[in-house]
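Here's a quick briefing to keep beside you while you look at the model. Have the sequence and the 3D view open as you read.

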Amino acid sequence: MNFAIQLASEAKGQTSPNPLVGAVCVNNHRIVGMGAHLEAGKPHAEVHALAMAGENARGSDLYVTLEPCSHYGKTPPCALKIIDSGVARVFIATLDPNPLVSGRGVKLLEEAGIEVITGLLKQEAAQMNQAFFHSITHQMPYVTLKSAVTLDGRMATEAGSSKWITSEEAREDVHRLRHIHDAILVGVNTVLHDQPFLTTRLPHGGKNPIRVILDRHLRTPADTPVTADPAAGTLIYCQEDAPDVQYRKHVEVIRLPDSVSFLQEVLRDLYTRGIMTLLVEGGPAVHSSFIEQGLVQELYLYQAPKLIGNGPSVFTSNRRADMADSLKLEITDVDQLGSDIRIRAIFKEA
Ligand SMILES: Nc1c(/N=C/[C@@H](O)[C@H](O)[C@H](O)COP(=O)(O)O)[nH]c(=O)[nH]c1=O
Ligand SMILES: [Zn+2]
């Protein structure tokens with residue numbers, strides 16, 4: 001099962017809106033087949049493993065990180081394929097989080113006389129798919145917020161200077177984050193101030209996330225990189241009464257009612273478009289709104305050994321006079337990247 005989890009994890013960022021799934025077929029203590037789900041619409045992990053096993057699947061043990069599907073999606077149900085292949089036992093790490101199908105695959109297998117053991121390395125497999133489980137459960141993307149700050153927690157100076165706070169190594173690491181995310185979001189102030197490209201520029205290439213601009217009054221120019229450069233799709237969310245602006249065809253303007261739940265509506269709409277993971281890159285006002293509304297699951301803070309003494313921090317709130325009102329996170333990783341450190345912290349599920 002460890003190997004199945006490892007196989008699945010290698011496809012991180014490729015399978016949206018599907019989960020990461022790995023499968024290993026073992027017969028008489030020998031691995032006879034293995035596979036991972038590599039892209040939505042393409043064969044599932046079990047299909048790859050059973051195809052490789054061929055006749056050796058008969059009487060074998062199949063290890064799968066997620067309950068085999070039992071419904072006709074883009075591909076036929078794996079549960080039937082497993083039954084037809086003559087597999088004797090199936091080990092499953094996590095059941096399907098979708099309440100409509102959870103346990104159905106197990107039932108089909110057991111009714112066909114296959115022994116099913118669930119819960120093997122359940123934690124590890126669930127951790128790998130936390131974004132998928134979160135998005136299915138909340139019908140919203142799993143949101144990761146990234147910010148580069150000085151030691152005194154500033155994202156820029158008061159005058160707006162921010163280039164650069166962190167080093168080349170840290171900035172390259174941010175592009176790895178972009179590569180594994182379905183979409184990247186900034187506010188219109190960042191677009192106006194930084195003219196960002198928001199593309200993934202790694203030495204060996206990388207997948208460009210869909211670019212999402214929060215821009216209530218549609219102030220995003222038609223000739224800034226995110227709207228002029230069709231390197232990736234660009235979605236601009238504005239209010240219904242925003243003026244009309246002509247953009248190139250890779251740009252889509254989505255008008256939403258002006259309401260206190262504007263951000264939630266943006267996230268719900270992104271989920272309907274198959275966006276399972278969202279990277280929020282700021283700026284300060286956008287970060288504060290996402291955090292204050294409890295819409296962030298994970299935080300990546302890139303901290304440079306600099307002190308500047310003025311400028312916006314990653315989170316500003318006028319609602320927390322008492323330290324007891326602070327938002328509690330859990331630091332899961334601290335890594336050194338060149339001269340900087342990268343802190344990963346998760347917000348505890350409310
Ligand atoms: N100022 C800094 C950052 N700044 C991040 C955002 O403000 C930039 O607009 C955005 O990354 C630009 O995207 P691009 O055009 O695609 O390169 N981010 C960092 O990690 N370190 C920094 O020192
Ligand atoms: Zn399947």
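What follows is a short tour, from the overall chain to the zinc site and then to two single residues.

Keep in mind that this is a predicted model. The chain has 350 residues, and 51% of them count as buried. Its secondary structure adds up to eleven helices and 14 strands. With a radius of gyration of 23 Å, close to the 20 Å the globule rule gives for 350 residues, the chain is as compact as a globular protein of that length.

**The chain as a whole**

- If you box in the C-alpha trace along its principal axes, you get about 70 × 45 × 40 Å.
- Take the contacts with a separation of 6 or more: 67% of them come from residues 24 or more positions apart.
- About 16,800 Å² of the chain is exposed, and carbon and sulfur atoms supply 54% of that area.
- On the charge side, there are 33 positive and 40 negative side chains, and the centres of the two sets sit 2 Å apart.

**The zinc site**

- Three residues coordinate the zinc ion (ligand 2): H44 through ND1, C69 through SG and C78 through SG, at 2.0 to 2.2 Å.
- Reading along the chain, the donors follow the spacing H-x24-C-x8-C.
- H44 sits in the loop between β2 (30-36) and α2 (45-53), while C69 sits in the loop between β3 (61-66) and α3 (78-85), so this pair ties together parts that are 25 residues apart in sequence.
- C69 has a relative accessible area of 11%, and because buried means under 20%, C69 makes the cut.

**S70**

- You'll find S70 in the loop between β3 and α3.
- S70 is buried too, with a relative accessible area of 16%.
- Leaving out residues up to four places away in sequence, S70 touches P77, R104, G105 and L108.

**V191**

- V191 belongs to helix α8, which covers residues 188-194.
- Its relative accessibility is 1%, so V191 counts as buried.
- Once residues up to four places away in sequence are set aside, V191 touches V186, P196, I213, T220, P221, T224 and V226.
- For a sense of distance, V191 and G153 are 22 Å apart in space, C-alpha to C-alpha, and 38 residues apart in sequence.

Terms used: Residues numbered from 1 in each chain as written. Chains lettered and ligands numbered in written order. Predicted model: local features only at pLDDT ≥ 70, side-chain atom pairs only at ≥ 80, totals over all residues. Heavy atoms only, no water. Donors = N, O, S within 2.8 Å, 3.2 Å for Na, K, Ca; no water. Helix = DSSP H or I, 4+ residues; strand = E, 2+ residues; numbered from the N terminus. Buried < 20%, exposed > 50% of the residue type's maximum accessible area, 1.4 Å probe, protein only. Rg over C-alpha atoms; globule rule 2.2 N^0.38 Å. Contact = heavy atoms within 4.5 Å. Areas by Shrake-Rupley, 256 points an atom, 1.4 Å probe, with all protein chains shown as cover. Lys, Arg positive; Asp, Glu negative; His and termini not counted. Charge placed at Lys NZ, Arg CZ, Asp CG, Glu CD.
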